[in-house]
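Student: Got a minute to go through this one with me? I'd like to start with the ligand and then look at the sheets.

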Amino acid sequence: MCGIVGYIGNRNAVPVLLQGLEKLEYRGYDSAGVAVFDEREKKICVCKKKGRVENLESALYDNPVKGRLGIGHTRWATHGVPSDINAHPHFSGSENVAVVHNGIIENYMEIKEILQSKGFEFISDTDTECVAQLVEYYYDQSGDFNDAVFKALEKVDGSYALGIICKDFPDRIIAAKKNGPLIVGLGQGENFIASDMPAILKYTRNTYILEDNEVAVITKDDVKIYNPDKEEVKKNVYVVDWSIEAAEKSGYDHFMLKEIFEQPKVVSDNLNRRFKPDGSGIQLDDIKLFREDLEKINKAYIVACGTAYYAGLVGKFLIEKLCRIPVNSDVASEFRYKDPLIDENTLVIVISQSGETADTLEAMRLAKRRGSRVLAVVNVVGSTIAREADDVIYTLAGPEIAVASTKAFSAQVVAMFLLSLHIALETDKMSLEEFDEIRREMLKLPSHINKILTQAPNIKRFMEKYIDSKNVFYIGRGLDYVVCREGSLKLKEIAYLHSEPYAAGELKHGPIALIEESTLVIGVATQQELFAKTMSNIKEVKARGAKVLMIAMQGNTETEKYADDYIYIPKTHPILTPLLANIPQQLFAYYMAVGLGNDVDKPRNLAKSVTVE
Ligand code: F6R
């Protein structure tokens with residue numbers, strides 16, 4: 001969603017802010033802007049434009065600004081359409097205060113009305129403008145910028161990550177956070193703020209991660225962090241261990257393609273870290289989920305959004321099958337509002353790449369309030385979900401930049417394999433011999449994925465053949481149906497194609513009416529025991545004129561009789577197939593999106609990290 005970057009130091013802030021905003025583009029946005037303190041004019045200059053960061057760059061080229069203090073923002077519209085006026089930063093009425101904001105101020109109408117009654121005039125439709133005006137309102141009373149920000153924060157409800165500057169205090173940026181990520185980057189004679197690490201990775205790896213309700217006062221040589229009672233808080237420096245290359249495209253046309261091709265490494269990193277070297281089980285590092293903990297648990301609940309939810313559905317299947325523990329599952333936006341049946345005997349597993357998804361975070365907090373134990377499967381180290389959960393399994397996928405999740409999904413699925421095996425071993429539902437059989441198969445997964453990736457040119461050819469499809473159906477049974485759901489989501493989000501995933505056996509109960517001459521059906525049939533059943537559904541759609549692209553397990557040559565095109569995945573243990581069967585789907589969605597001329601890494605209307613409800 002929105003992105004924030006801020007700079008104070010001795011460099012010209014403008015290029016630092018623009019490069020930072022470019023690094024945040026992946027999060028999804030519709031306008032961009034900067035506010036920079038001009039030392040000669042002694043005023044804050046704001047430049048903001050609807051559309052891409054390039055638009056902002058050309059506006060700055062036409063009207064250059066320069067200064068050593070600035071804040072920048074990429075906006076993803078919530079209140080008010082994407083436009084130059086609604087773009088951030090927002091000024092207060094006298095242009096004394098400028099603000100960038102991620103999140104939603106829920107009581108902004110109330111604040112706006114009060115300030116309007118005192119003569120303040122508003123020019124945008126945004127909730128953010130009320131923060132700038134409110135800070136100015138308090139500043140006018142006391143002349144104390146820090147105090148004005150504290151007072152304003154007492155009045156606002158909702159979620160925010162804020163960067164605030166004031167014309168009369170060009171020595172500082174004030175940052176504040178509640179339910180939205182914000183970090184302070186620590187340099188030598190310069191400091192930064194950012195909503196996400198890539199924005200400042202070029203300059204520093206040393207950061208403070210702000211907690212909810214903390215306020216940071218940042219000068220070029222110093223950072224002071226306060227709690228809401230204005231008491232100073234001492235924080236540990238968190239050193240980011242990503243390489244810069246990890247956040248670059250490294251020769252690939254798109255981040256998404258690069259991330260698809262990183263999957264063998266992501267999977268092997270996870271396996272090397274999690275399998276005990278002597279083969280006797282799984283090491284989940286900090287997770288304290290042993291026999292005595294598991295004895296208290298009588299059910300699990302898996303909660304997540306989007307792709308992470310589908311990884312969770314693989315986990316549900318495995319925990320039920322291997323551990324014989326009942327597992328409920330829900331998307332976080334539903335779970336939050338349904339009064340879920342959970343208590344202190346429930347293990348709630350939340351899954352999130354970003355660790356900041358608002359619905360998942362709130363679902364987790366609800367679970368904690370009900371006394372449930374919360375285990376989070378998270379990619380971004382130090383993110384809010386990771387910090388607040390009782391236990392964390394990090395998915396070790398490195399930074400995922402493309403909006404469409406690929407390698408993070410694979411890493412989440414591997415985490416589900418590992419977690420279910422760990423629970424099965426701890427509760428004696430699985431013998432070491434059975435574990436060893438699966439472990440050996442898992443160790444082959446990176447090389448299996450590599451084999452599938454060599455089929456990329458074939459999959460590109462399928463794209464050329466099916467590029468005119470208007471509706472695509474994904475059908476499969478059991479774990480294959482979960483894979484279909486993820487494949488269909490990927491096609492929707494980046495190829496903008498209407499597609500539906502169906503449990504293959506459900507087709508006859510209605511959706512088959514939609515199958516007509518040349519409708520594309522992608523069949524996933526990797527589960528040996530369900531293969532014949534799924535193939536009978538494939539025959540039904542073929543009989544109605546569908547074109548069929550099959551994903552099946554090597555050796556099931558029956559596939560070739562009925563499919564127009566097919567991709568085989570290497571033979572593996574049946575519980576491991578979702579990881580492999582999904583890879584051709586990722587490549588298919590990718591090539592379709594490229595073929596249709598879409599912006600693959602930044603699909604329309606989508607944001608990488610959904611930090612609002
Ligand atoms: C799809 C996609 C989204 C995310 C979802 C959850 O490709 O990326 O569906 O999976 O928004 O995000 P996280 O995992 O960050 O909680």
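Tutor: Sure, pockets come up right away: on a 1 Å grid over the protein atoms alone, a pocket is an open set of points with protein on both sides within 12 Å along at least five of seven lines. A molecule sits in one if more than half of its atoms lie within 2 Å of its grid points. This is a predicted model, where local features need pLDDT of at least 70 and side-chain atom pairs pLDDT 80 or more, while totals for chains, interfaces and linings use all residues. Residues count from 1 along each chain as its sequence is written, and side-chain values use heavy atoms, without hydrogens or water.

Student: OK, which pocket does the ligand take up?

Tutor: The second largest pocket is the space taken by the ligand.

Student: And how many residues surround it?

Tutor: There are 13 around the ligand, with S352, Q353, S354, T357 and E493 the closest; being near means having a heavy atom within 4 Å.

Student: What's the mix of polar, nonpolar and charged in that shell?

Tutor: 7 polar, 4 nonpolar and 2 charged. Here Ala, Val, Leu, Ile, Met, Phe, Trp, Tyr, Cys and Pro are nonpolar, Asp, Glu, Lys and Arg are charged, and the others, Gly among them, are polar.

Student: Which element gives the largest share of the shell?

Tutor: α9 does, with 3 residues. Both α9 (306–323) and α17 (479–495) supply at least two residues each. Helices (H or I, at least four residues) and strands (E, at least two) are DSSP runs, numbered from the N terminus.

Student: What does an oxygen atom of the ligand find in the side chain of S354?

Tutor: An N or O atom, 2.7 Å away. A polar contact here is a pair of N or O atoms within 3.5 Å. A polar backbone atom of S405 is 2.8 Å from a ligand oxygen, and a backbone N or O atom of T307 lies 3.2 Å from one. The protein covers 89% of the 400 Å² of accessible area that the ligand has on its own, by the Shrake-Rupley method with a 1.4 Å probe.

Student: Switching to the sheets: what's the order in the one with 8 strands?

Tutor: β3-β2-β4-β1-β10-β9-β11-β14, an open sheet with antiparallel pairing. β3 (43–50) and β14 (238–239) are at the edges with a single partner strand each, so one side of each has no neighbour in the sheet. Strands pair if DSSP finds at least two bridges between them. β9 and β10 (residues 191–194) pair over 4 bridges, and V184 has I193 in β10 as its bridge partner.

Student: And the one with 6 strands? What's its order?

Tutor: That open sheet goes β5-β6-β7-β8-β12-β13, again antiparallel. Its edges are β5 (90–91) and β13 (223–226), each with a single partner strand, so one side of each is left without a neighbour in the sheet. β12 (residues 214–218) is joined to β13 by 4 bridges, with I218 opposite V223.

Student: Any backbone oddities? Is the peptide bond from H88 to P89 cis or trans?

Tutor: Cis, with omega near 0 degrees. P89 is in the loop between β4 (69–75) and β5.

Student: And what about phi of N179?

Tutor: Positive, near 60 degrees, in a residue other than glycine. N179 is in the loop between β8 (173–178) and β9 (183–186). N213, not a glycine either, has a positive phi of about 70 degrees and lies in the loop between β11 (206–209) and β12.

Methods. A polar contact is a pair of N or O atoms within 3.5 Å; within protein, one must be able to donate a hydrogen and the other to accept it, and residues adjacent in sequence count only if both atoms are side-chain atoms. On a 1 Å grid over the protein atoms alone, a cavity is a set of points where a 1.4 Å probe fits but cannot get out, and a pocket is an open set with protein on both sides within 12 Å along at least five of seven lines; lining residues have an atom within 4 Å of a point.
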